[in-house]
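Colleague: I would like a close look at a single spot in this model. Please tell me where it sits and what surrounds it.

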Amino acid sequence: MSTCNSLFNSVFFSGFYSWRNTQKGSWFVQALCDAFDKYGYEWDLLTLLTFVNRQVAIYYESNVSGTVQMHQKKQIPCITSMLTRLVKFERKN
């Protein structure tokens, strides 16, 4: 398999947590849906994923006040891109 034009997005690293809201789902999926809803037809895929990374890193924080080790923790997804072209989505006519 050729690795050209591959894109991987890891939500967490080994030994770390991928956080989620029990009502709304994972932070990453919430931010991804938000990015596609707002900018899915305007921005290319890497820009969208960078926006998602920023959203998750800045605007989300764990709230487990009964457990100090889990309270006020952050998360940052990781983009690995071997794309050779921009990927943009277009509306169907």
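Where does Trp43 lie?

Modeller: Trp43 lies in the loop between H1 and H2. A word on the ground rules before the details. This is a predicted model, in which local features need pLDDT of at least 70 and side-chain atom pairs count only at pLDDT 80 or more, while totals for chains, interfaces and linings use all residues. Residues are numbered from 1 along each chain as its sequence is written, and side-chain values use heavy atoms, with hydrogens and water left out.

Now the frame around Trp43. The chain holds two helices and four strands. Both kinds of element are DSSP runs, numbered from the N terminus: helices are H or I with at least four residues, strands are E with at least two. Read from the N terminus, the order is β-β-β-α-α-β. Helix H1 covers 27-39 and helix H2 covers 45-59. Trp43 belongs to the loop that links these two helices. The C-alpha trace of the chain spans about 50 × 35 × 20 Å along its principal axes.

How far is Trp43 open to solvent? Trp43 is partly exposed, at a relative accessible area of 26%. Buried would mean under 20%, exposed over 50%, and partly exposed is the range in between (1.4 Å probe, protein chains only). In the chain as a whole, buried residues make up 24% of the 93 residues.

Next, the partners. Set aside the neighbours within four places in sequence, and Trp43 is in contact with Leu48, Phe51 and Lys88. Contact here means heavy atoms within 4.5 Å. Ile76 tells another story. Ile76 is 33 residues from Trp43 in sequence, and their C-alpha atoms are 21 Å apart in space.

Follow two of those partners inward. Leu48 and Phe51 are both members of the largest nonpolar core. Such a core is a set of buried Ala, Val, Leu, Ile, Met, Phe, Trp, Tyr and Cys residues joined through side-chain atoms within 4.5 Å. This one has 10 residues: Leu48 and Phe51, plus Trp19, Trp27, Phe28, Ala31, Ala35, Val52, Val56 and Tyr60. Helices H1 and H2 each supply at least two residues of this core. As a general point, nonpolar side chains tend to be buried together in soluble globular proteins.

Ala35 is another member of the core. Beyond neighbours within four places in sequence, Ala35 is in contact with Gly40, Leu48, Phe51 and Val52. Leu48 and Phe51 thus appear in two contact lists, that of Trp43 and that of Ala35.

Go one step further along the core. Ala31 lies in helix H1. Ala31 counts as buried because its relative accessible area is 1%. With neighbours within four places again left out, its contacts are Val52, Gln55, Val56 and Tyr60. Take the pair Ala31 and Val56: 25 residues separate them in sequence, yet their C-alpha atoms are 6.6 Å apart. Val52 touches Ala31, and Val52 touches Ala35 too.

Two further helix residues help to fill in the picture. Cys33 is found in helix H1 and is partly exposed, at a relative accessible area of 42%. Between Cys33 and Leu48, 15 residues apart along the chain, the C-alpha separation is 10 Å. Thr47 lies in helix H2. Thr47 is partly exposed as well, at a relative accessible area of 33%. Thr47 and Tyr17 are 30 residues apart in sequence, and 24 Å separates their C-alpha atoms.

Step back to the whole chain. Among contacts between residues at least 6 apart in sequence, 62% join residues at least 24 apart.

One last stop is the loop between H2 and strand E4 (78-81), where Gln72 lies. Gln72 has a positive phi of about 60°, although it is not a glycine. Most residues other than glycine have a negative phi.

In short, Trp43 sits in the loop between H1 and H2, partly exposed, and touches Leu48 and Phe51, two members of the largest nonpolar core.
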